[in-house]
Each structure stands twice: as structure tokens, then as C-alpha cells.
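Student: Could you take me through a close look at a single part of this model? I would like one connected account, with each term given its cut-offs.

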There are 2 protein chains.
Amino acid sequence: MTHVGILGGGQLARMLALAGVPLGLRFRFLDPAPGCPAAALGEHVCAAYDDPAAITRFIDGLDVVTYEFENVPVATAHHIAEQVLVRPAPMALEVGQDRLAEKKFLRELGVPIADFLPVGSHAALLAAVEDLGLPAVVKTRRHGYDGRGQAALHAAADINAAWSAIGEVPAILESFVPFRRELSLVVARDANGSLAPYPLVENVHHGGILRTTKAPAPDVSADLQQRADGYAALLLDALGYVGVLAIELFELADGSLVINEFAPRVHNTGHWSIEGAQTSQFANHLRAVVGLPLGATTPLGFACMVNLIGTLPDPGALLALPDTHLHLYGKDPRPGRKLGHVTARAASVARRDELCERIQNLVAHH
Amino acid sequence: MTHVGILGGGQLARMLALAGVPLGLRFRFLDPAPGCPAAALGEHVCAAYDDPAAITRFIDGLDVVTYEFENVPVATAHHIAEQVLVRPAPMALEVGQDRLAEKKFLRELGVPIADFLPVGSHAALLAAVEDLGLPAVVKTRRHGYDGRGQAALHAAADINAAWSAIGEVPAILESFVPFRRELSLVVARDANGSLAPYPLVENVHHGGILRTTKAPAPDVSADLQQRADGYAALLLDALGYVGVLAIELFELADGSLVINEFAPRVHNTGHWSIEGAQTSQFANHLRAVVGLPLGATTPLGFACMVNLIGTLPDPGALLALPDTHLHLYGKDPRPGRKLGHVTARAASVARRDELCERIQNLVAHH
């Protein structure tokens with residue numbers, strides 16, 4: 001039986017384990033949080049990511065290590081990779097956890113990205129605003145997620161507050177992209193280099209946190225999907241990537257795509273695939289990581305995914321909706337915290353959109 | 001968080017837990033086998049089903065108890081039911097684990113069953129053969145599964161061997177039903193009495209062990225499905241049943257149905273529903289048991305399920321087949337043992353049947 005270690009024990013690790021147990025895999029998680037969401041599904045090494053003794057215990061007997069969390073210290077990933085197979089290789093972490101490295105990497109690949117400049121100081125931020133113009137967004141190089149570590153700049157008067165809001169740490173300034181909508185592409189790559197992209201999905205964020213995904217995204221031409229797949233192929237091949245990776249993209253009014261960022265892991269915008277695709281992102285990540293063939297990423301009808309954030313609505317009301325599936329993460333409610341998600345699957349776009357609205361109404365009222 | 005206890009920790013409990021964790025449920029299993037398939041997904045009380053101290057530990061803090069195994073001692077179920085909600089109620093166990101009680105119960109409901117006679121001795125068996133005629137099948141009243149505890153009688157010369165083969169224990173003699181095919185109906189009933197029947201499926205057994213299920217069964221008229229649903233409604237209402245129950249049926253050449261037996265639990269012939277139905281039998285059993293609304297049982301295209309028995313084929317070869325899903329139970333290989341199953345889902349009957357054959361070829365060759 002293959003023994004898989006996961007760096008991080010949050011909801012992504014939990015859903016990986018739920019997909020991996022039927023494949024005969026056993027799991028061990030390294031996570032500093034007692035009672036983390038994945039703990040019920042395997043062995044939990046409860047320790048900091050840079051605790052050498054804990055890492056030794058964590059890797060003992062593992063066949064492969066992967067991660068659900070891209071802010072694992074790169075030194076930890078490299079240290080583990082000297083002793084056990086790590087998939088995806090630590091290079092993806094290294095690039096993915098530093099926005100400046102990520103942007104440079106994407107620019108070198110020749111994929112479309114927003115203009116950006118590194119910003120190491122208040123003076124540098126002033127100079128960068130001068131160079132790029134406004135509106136723009138300042139983003140910390142490290143540890144940004146769910147909208148944290150970002151501040152929008154609409155006018156020169158915003159500069160001081162933005163610099164203070166991000167904590168005056170190393171950052172980048174990025175030109176604001178006047179997007180028509182936010183899309184994302186989840187894609188799996190196996191150790192032989194075979195790619196399995198999911199259909200493009202459309203995402204809505206509020207307050208920097210993902211609220212809703214529609215899968216497939218409405219009105220995606222074959223050309224649009226192919227361009228996105230092409231960018232993904234460049235990126236995953238360059239990283240020698242094995243596993244699932246997510247790319248967030250902006251679609252502009254003229255139909256062109258701009259890559260915002262990527263996450264070297266399974267992704268919130270791929271959760272719909274548990275019910276909505278032939279093979280879920282979680283199953284495909286594990287298939288890639290343990291050397292099994294990838295499964296089809298074809299959608300099963302039309303799905304939507306709504307995040308449950310901060311508080312939990314009545315599960316009975318949600319599950320009384322037709323073809324609605326509930327995924328709770330076992331976390332205590334706290335403002336802004338992702339506590340679970342709801343997926344609905346329908347045979348038509350109209351029906352999907354109707355179900356999505358009904359779910360959002362239940363979620364919004366609680 | 002609702003805490004669910006399951007009597008039995010085999011693959012059915014494992015798949016219940018995999019369906020229940022996303023609903024926010026926590027699990028505890030009572031099973032005498034160390035390292036039983038469900039143990040990785042919750043707390044395992046490793047003890048005999050009639051160990052009073054273990055039962056006390058098992059039920060402590062549980063919100064509801066259910067079972068994956070119908071041969072739990074009825075006394076245990078009654079004892080537990082005095083202290084915590086048990087769903088389905090122990091009456092279903094009581095009837096379901098004694099073939100004679102089951103047959104009498106079905107006869108009183110007025111649903112079609114084969115002629116039968118109780119057989120308590122060799123002399124009674126001779127008399128019953130005289131009465132019912134041959135061919136017939138002698139079946140032990142208790143503890144029969146996967147073809148064990150059964151012997152076919154084609155001629156009077158078979159009687160002695162059959163009586164000896166079943167261990168000379170209390171039994172029934174049943175007229176042989178000249179069936180055209182074996183069907184089954186999995187159906188969920190919630191605490192309000194709402195019924196959610198899955199489509200009839202077609203099953204193939206070899207050596208008394210289920211090999212393949214096709215879901216939905218080919219060539220099922222609306223009338224046939226309605227008759228089966230009607231029998232199920234009679235049975236479940238009479239039992240005041242809450243949860244999922246499976247009914248095995250024979251279809252005769254003239255299209256009539258004969259009920260063979262029922263199992264008061266999720267069932268091997270419902271495993272296809274994990275990928276093949278809007279809501280799986282496991283999710284619906286738990287929804288019923290914890291008081292959530294039932295989910296739709298509509299099939300998603302056409303599915304087949306092939307059991308992995310005795311030995312495991314190469315998982316890579318299986319998963320290289322299009323839209324094929326592997327479910328391993330974490331059990332050591334042993335002849336005749338159910339080690340896992342494979343499900344394929346297709347958009348047409350022809351494609352489903354082709355995939356089914358390809359899976360069977362891989363399974364048969366190992």
C-alpha cells in the first residue's frame with residue numbers, strides 16, 4: 001500500500017485523502033494545527049513545518065510527499081526531497097511562493113501577464129507608481145492568500161495607506177488589469193508529461209475571497225480554452241510539474257487572457273470537479289503523484305460551487321435543494337474562514353444558474 | 001458535529017465514512033477485526049459485538065447508531081437502542097438475519113416470493129422436498145452470505161450431501177426460481193417516510209458471489225420499475241425503515257418479479273451509485289440516518305461495477321481505461337474475498353457494456 005505524506009492538513013489535504021483512500025493510499029499529514037481538517041483521515045504529525053525532528057517522523061516510511069499548502073518552507077521541501085520522492089518537485093514551491101519569482105518566471109515563458117515592478121521600500125513604491133501609472137495593485141511577495149497582503153492604488157493619495165496596509169514588506173506593484181471576468185484553469189500533469197486540463201471555470205471573488213465558481217465557464221470558445229491550455233503546458237513543462245496546478249486568469253474585454261498567478265496544488269476553483277467532472281482534481285493529483293494514469297477531466301453537465309465562509313447555513317435547507325452536495329471541512333466558524341463548500345450539478349446552464357442562485361440565497365442569509 | 005456509530009467496520013462502513021466526512025459527520029466503528037477497512041476513517045472499538053464493556057465504550061457520546069452488517073446480534077442492537085437512536089430500528093435486523101422470519105414477513109406483506117418450507121432436520125428436509133418438488137435450494141436460516149450456507153438440490157440423490165454441506169443447521173427449503181436474470185433495488189427511506197428508490201440494476205453472480213452490476217439494468221420498463229418500487233414501499237413502510245435497504249429480485253421469462261431476499265443496509269449492488277448516481281447510496285443512507293433530506297437517485301448516464309475478488313489486478317491497467325474508478329478496501333488478498341470494486345460510467349449503453357467487458361478482461365486475467 002502506497003503511503004503518501006502531505007505537507008499541510010487543511011481542507012485540501014482532507015479532500016485529497018477522501019479521494020485517495022479508495023485508491024488504496026494511506027496518508028500522513030504534517031500540520032501545526034491540532035485537530036486540523038485532515039487529521040481524521042490519517043496520521044497527523046502535529047508540528048511546525050521547520051521542526052527537524054517532526055520532519056524525520058513525518059517522512060519515515062513514506063513513498064511520496066506532496067503538499068496542499070504552498071507556503072511550506074522551501075528548505076523543508078528540499079530537505080525532504082533528499083530522502084523521499086517529492087511531487088511536485090520543490091521548484092514549483094520556490095517559484096510559487098514568491099510573487100516576484102513567479103512573475104519573472106511567467107515573463108520568461110512568454111505568457112501574458114500584467115506589467116509589474118519589484119518594490120522593496122516606500123521610495124521604490126513611489127518610483128514604481130511613477131513608472132507603471134495607476135490604477136495598480138501592490139502585493140506582498142510572500143504569504144498572500146484570500147486577498148490578504150494586497151492593496152489597490154487608485155490615486156497617489158492611496159500610496160501611504162497601501163504601503164502600510166501590506167506591512168511595509170518586500171512586494172511588487174502590478175498594473176491593474178481591466179478584466180471582464182476571472183477565470184481559472186486547473187490542470188493535471190503526470191510523470192510522463194501527459195496533460196489533463198479541466199475546462200476553464202468562471203470565478204467570483206468578494207473581499208479577495210472566492211465565493212462562486214461556475215464550471216464550465218459560460219461562453220468559452222474552443223480557441224479560448226486552447227490558449228489557456230497552451231499557457232498551462234508551457235508552465236507545467238518548464239516546472240517539470242507532476243500533480244495538479246491551478247492558474248488564475250483574467251479575461252479582458254477583447255477576449256485576450258492575462259495570467260494573474262498560479263498555485264502549485266489542488267485549488268478552491270477545482271472543488272466542483274468532485275461531483276462535476278469524470279475525475280476530480282483530488283483523484284487526479286494523487287494519480288499523478290503515485291504514478292497512476294490520469295483520469296478524464298470531462299465535465300458531467302454543468303456545475304457550480306459556492307464557498308461557505310465565516311458561518312454555516314442550515315445543512316438541511318441546502319440539501320433540500322435538488323442535486324446539491326455539501327462539503328464541510330470540520331473547522332470552527334470564524335469570520336472570513338472557509339468552512340466548507342456546496343456543489344450543484346445540472347443538465348443545463350439555465351438550471352445550473354438557477355441552482356447557484358438558490359444556494360447563494362441560502363448562504364447569504366446565514 | 002454529529003457523531004455516528006457503525007456496527008461493523010468493513011468496506012461498507014469505509015464507504016459510509018467516505019461519504020459522511022464531507023457531511024461533517026464523525027465516525028466510530030465496532031468491529032472485532034484489527035485494522036478493519038473502516039479503521040482509518042474514525043475511531044475503532046476493536047471488540048466482539050456482544051462485549052458489554054466494549055458496547056458501553058462504543059455508544060458513549062454517539063448521536064445515532066447504524067450498521068453495515070446485518071449479523072450483529074439482535075440483543076446488542078436492542079441493548080444499544082435503549083440508550084441511543086438506532087437507525088434502521090432493530091426490527092429490520094431481527095427479520096433480516098433469519099431467512100425464515102424474512103420469508104414469513106414477505107409472505108404476509110403479499111409480495112411475490114418463492115415457495116418455501118422450514119427445515120429443522122434431515123427428516124423435515126425429506127418431507128419438504130416431497131412437498132415442494134425439485135429443483136430447490138436449501139439455505140441456512142442464519143449467517144448466509146456470498147453463497148455460503150446454500151446448496152442446490154436437483155435430484156433426490158443430492159439431499160444428503162446438501163444437508164451435510166449446510167452443516168445440518170436450521171434452514172429453509174425454497175423452490176428453485178427459473179429466473180431470466182437477477183435484479184436488485186436499492187432504496188432509501190427517510191424518517192418522514194419519503195422514499196428514494198434507485199433504478200433497478202442487473203447483477204451477475206458466480207459461485208454465489210456478486211461479480212458485476214449494470215446500472216440502470218438494460219430493458220427495464222416503467223411498469224417493471226414501478227412494481228419493484230411498490231414492493232419496496234410495502235416492505236420499508238412495514239419495517240418503519242430509516243436508511244438504505246437493498247432487495248434482490250429475480251425477473252422471470254414472463255416479466256414477473258420474485259423477491260429473493262433483502263439486506264437492511266447499503267449493498268454491493270449499489271456501489272455503482274458513488275459515481276453513477278446524483279447521490280450515492282452511502283450519502284443517502286447517512287442523510288436518512290442523521291435526519292437530512294434525501295438526495296436524488298437519478299443515474300448519471302450508464303454505469304457498471306465489477307468486483308475485485310481474491311486477487312488484485314494492476315491498478316494502473318484498470319485506471320488507464322477511460323472513465324474508470326477504483327475502490328480498494330484495504331484488505332489482504334484471500335481467495336473469495338471482496339478486495340475492492342471498479343466502476344465505469346459512460347454516456348451510452350453500448351459504451352458502458354464495452355467498458356464493462358474491458359474491465360472484466362483485466363480482472364479475469366489476474
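Tutor: In what follows, buried means under 20% relative accessible area and exposed over 50%, with partly exposed in between (1.4 Å probe, protein chains only). This is a predicted model, in which local features need pLDDT of at least 70 and side-chain atom pairs count only at pLDDT 80 or more, while totals for chains, interfaces and linings use all residues. Residues are numbered from 1 along each chain as its sequence is written, chains are lettered from A and ligands numbered from 1 in the order in which they are written, and side-chain values use heavy atoms, with hydrogens and water left out.

Let us start with helix α6 of chain A (helices being DSSP runs of H or I with at least four residues, strands runs of E with at least two, numbered from the N terminus). This helix spans residues 122-132, and L125(A), A128(A) and V129(A) are buried in it. Viewed down the axis of α6(A), the buried residues fall within an arc of 100 degrees (taken from the directions from the helix axis to the C-beta atoms), so they line one face of the helix. A123(A), E130(A) and D131(A), by contrast, are exposed on the other side of α6(A). Just after the helix, G133(A) adopts a positive phi of about 80 degrees.

What do the buried residues of α6(A) pack against? Their partners in chain A are the strands β6 (116-119), β7 (136-140), β8 (150-153) and β9 (171-175), together with helix α7 (159-165), where contact means heavy atoms within 4.5 Å.

The four strands of chain A form an open sheet in the order β6-β9-β7-β8, with antiparallel pairing (two strands pair if DSSP finds at least two bridges between them). At the edges stand β6 and β8 of chain A, each with a single partner strand, so one side of each is left without a neighbour in the sheet. From one strand to the next, the twist averages 20 degrees (axes are lines fitted to C-alpha atoms, for helices over the stretch in contact, and angles run from 0 to 180 degrees between N-to-C directions). Helix α5 of chain A, residues 99-109, packs on this sheet and touches β6, β7, β8 and β9 of chain A, its direction making about 150 degrees with that of β6(A). Helix α6(A) likewise lies across β6, β7, β8 and β9 of chain A, and runs at about 170 degrees to β6(A).

Within the sheet, β9(A) deserves its own description. It pairs with β6(A) in the antiparallel sense over four bridges; V119(A) has A171(A) in β9(A) as its bridge partner, and F116(A) stands opposite E174(A) of that strand. With β7(A), the antiparallel pairing of β9(A) extends over five bridges, and V138(A) stands opposite L173(A) in β9(A).

Is β9(A) mostly covered or mostly open? The strand is mostly covered, with five of its five residues buried. In a regular strand the side chains alternate between the two faces of the sheet. In β9(A) both faces are covered, with A171(A), L173(A) and S175(A) buried on one side and I172(A) and E174(A) buried on the other.
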